Amino acid sequence: MRINKFIARSGVASRRKAEEYIKNGRVKVNGNIMTELSYKVNLGKDLVEFDGKKISVEDEKKVYILLNKPAGYITTVKEQFDRPSVMDLISDIEERVYPVGRLDYETSGLLLMTNDGDLTYKLTHPSHEFKKTYIASVKGVPTKDEMKNFKEGLKIENYITAQAEIKILKTNLEKNYSVCMAVIHEGHNRQVRKMFEAIGHPVMNLKRVALGKINIKGIESGKYRKLTKSELEYLKNC
Ligand code: URA
């Protein structure tokens with residue numbers, strides 16, 4: 001089995017992420033750092049380690065949790081600034097689970113975490129049009145024309161956004177802000193913030209409230225629950 005597939009199957013990361021980890025020298029095979037992406041793991045013989053911990057593809061129990069991420073947490077495993085990570089919020093789960101996709105440090109809300117590398121791969125693949133719903137408090141009040149542009153496509157750096165949805169839920173003219181619901185089907189870096197910025201209404205606060213039809217209702221900030229069977233089937237079959 002190719003090394004990146006082996007890593008994904010072990011639940012450590014998606015295949016794409018695994019390649020990055022291999023290039024960064026975080027993967028060892030039989031005690032030696034392995035940077036060859038085409039390496040084929042000799043199942044049952046090779047000892048594979050990630051960050052110094054043995055990993056395997058033996059039927060590890062798959063775990064799927066929904067975390068209500070508070071603002072002020074990173075969704076990567078570790079980083080140079082030592083800020084708190086969502087991993088610190090997971091206490092009673094024995095398996096190592098990893099975030100599916102990312103949420104910015106300042107963004108709160110729904111974050112799916114799992115050790116199922118195949119599902120992570122599927123849900124984070126760019127061709128996958130999975131609907132993500134956000135509630136954003138933004139400066140000012142978007143006009144009809146600005147909302148039309150938001151829906152139809154905006155030029156952001158080197159890409160044009162796909163069709164999106166936007167709806168104003170509340171406006172406060174005195175304090176000059178509004179609360180909007182936005183739905184996007186992509187996952188570019190800081191995309192929702194950049195889209196609001198592009199129509200002239202910078203985001204002050206951002207929360208992801210739903211992934212497809214799975215939503216965060218009932219989960220307190222910083223807490224999590226397991227996915228239900230029907231939620232899992234839904235994600236696997238979508
Ligand atoms: N879009 C953003 O701008 N930030 C997030 O965390 C997620 C989507």
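The exercises below go through a predicted model of one protein, each with a worked solution.

Residues are numbered from 1 along each chain as its sequence is written, and side-chain values use heavy atoms, with hydrogens and water left out. Since the model is predicted, local features need pLDDT of at least 70 and side-chain atom pairs count only at pLDDT 80 or more, while totals for chains, interfaces and linings use all residues.

**Exercise 1. Overall form**

Task: State how many helices and strands the protein has, and compare its radius of gyration with the globule rule.

Solution:
- Step 1. Helices (H or I, at least four residues) and strands (E, at least two) are DSSP runs, numbered from the N terminus. The protein has six helices and 15 strands.
- Step 2. The radius of gyration, taken over C-alpha atoms, is compared with 2.2 Å times the number of residues to the power 0.38. The value is 20 Å, close to the 18 Å that the rule gives for 238 residues, so the protein is as compact as a globular protein of that length.
- Step 3. Along its principal axes, the C-alpha trace spans about 65 × 40 × 40 Å.

**Exercise 2. The neighbours of strand 8**

Task: Find which strands pair with strand 8, and how many bridges join them.

Solution:
- Step 1. Two strands pair if DSSP finds at least two bridges between them.
- Step 2. Strand 12 (residues 177-184) runs antiparallel to strand 8 and is joined to it by eight bridges. Within this pair, Val 179 stands opposite Ser 137.
- Step 3. Strand 13 (residues 203-211) also pairs with strand 8 in the antiparallel sense, over seven bridges. Here Tyr 134 has Arg 208 as its bridge partner.
- Step 4. Buried means under 20% relative accessible area, exposed over 50%, and partly exposed in between (1.4 Å probe, protein chains only). In strand 8 (residues 132-139), six of the eight residues are buried.

**Exercise 3. The nonpolar core**

Task: Describe the largest nonpolar core and the surroundings of Phe 196.

Solution:
- Step 1. A nonpolar core is a set of buried Ala, Val, Leu, Ile, Met, Phe, Trp, Tyr and Cys residues joined through side-chain atoms within 4.5 Å. The largest one has 30 residues, and Met 113, Phe 150 and Phe 196 have the most contacts inside it.
- Step 2. Elements that each supply at least two residues of this core include strand 8, strand 12, strand 13, helix 4 (144-152) and helix 5 (191-198).
- Step 3. Contact means heavy atoms within 4.5 Å. Not counting residues up to four places away in sequence, Phe 196 touches nine residues' worth of neighbours, among them Ala 136, Phe 150, Cys 180 and His 201.**Exercise 4. The cysteines**

Task: Decide whether Cys 180 and Cys 238 are buried or partly exposed, and give the number of disulfides.

Solution:
- Step 1. Cys 180 has a relative accessible area of 0%, so Cys 180 is buried.
- Step 2. Cys 238 is partly exposed, at 38% relative accessibility.
- Step 3. A disulfide is a pair of cysteine sulfur atoms within 2.5 Å. The structure holds zero disulfides.

**Exercise 5. A small sheet and its loop**

Task: Name the edge strands of the open sheet of four strands, then examine Asn 30.

Solution:
- Step 1. The strand order is 2-1-3-4, with antiparallel pairing.
- Step 2. Strand 2 (32-33) and strand 4 (53-54) each have a single partner strand, so one side of each lacks a neighbour in the sheet.
- Step 3. Strand 1 (residues 27-29) pairs with strand 2 over two bridges, and Lys 28 has Ile 33 as its bridge partner.
- Step 4. Asn 30 lies in the loop between strand 1 and strand 2. Its phi is near 50°, a positive value in a residue other than glycine. Most residues other than glycine have a negative phi.
- Step 5. With a relative accessible area of 41%, Asn 30 is partly exposed.
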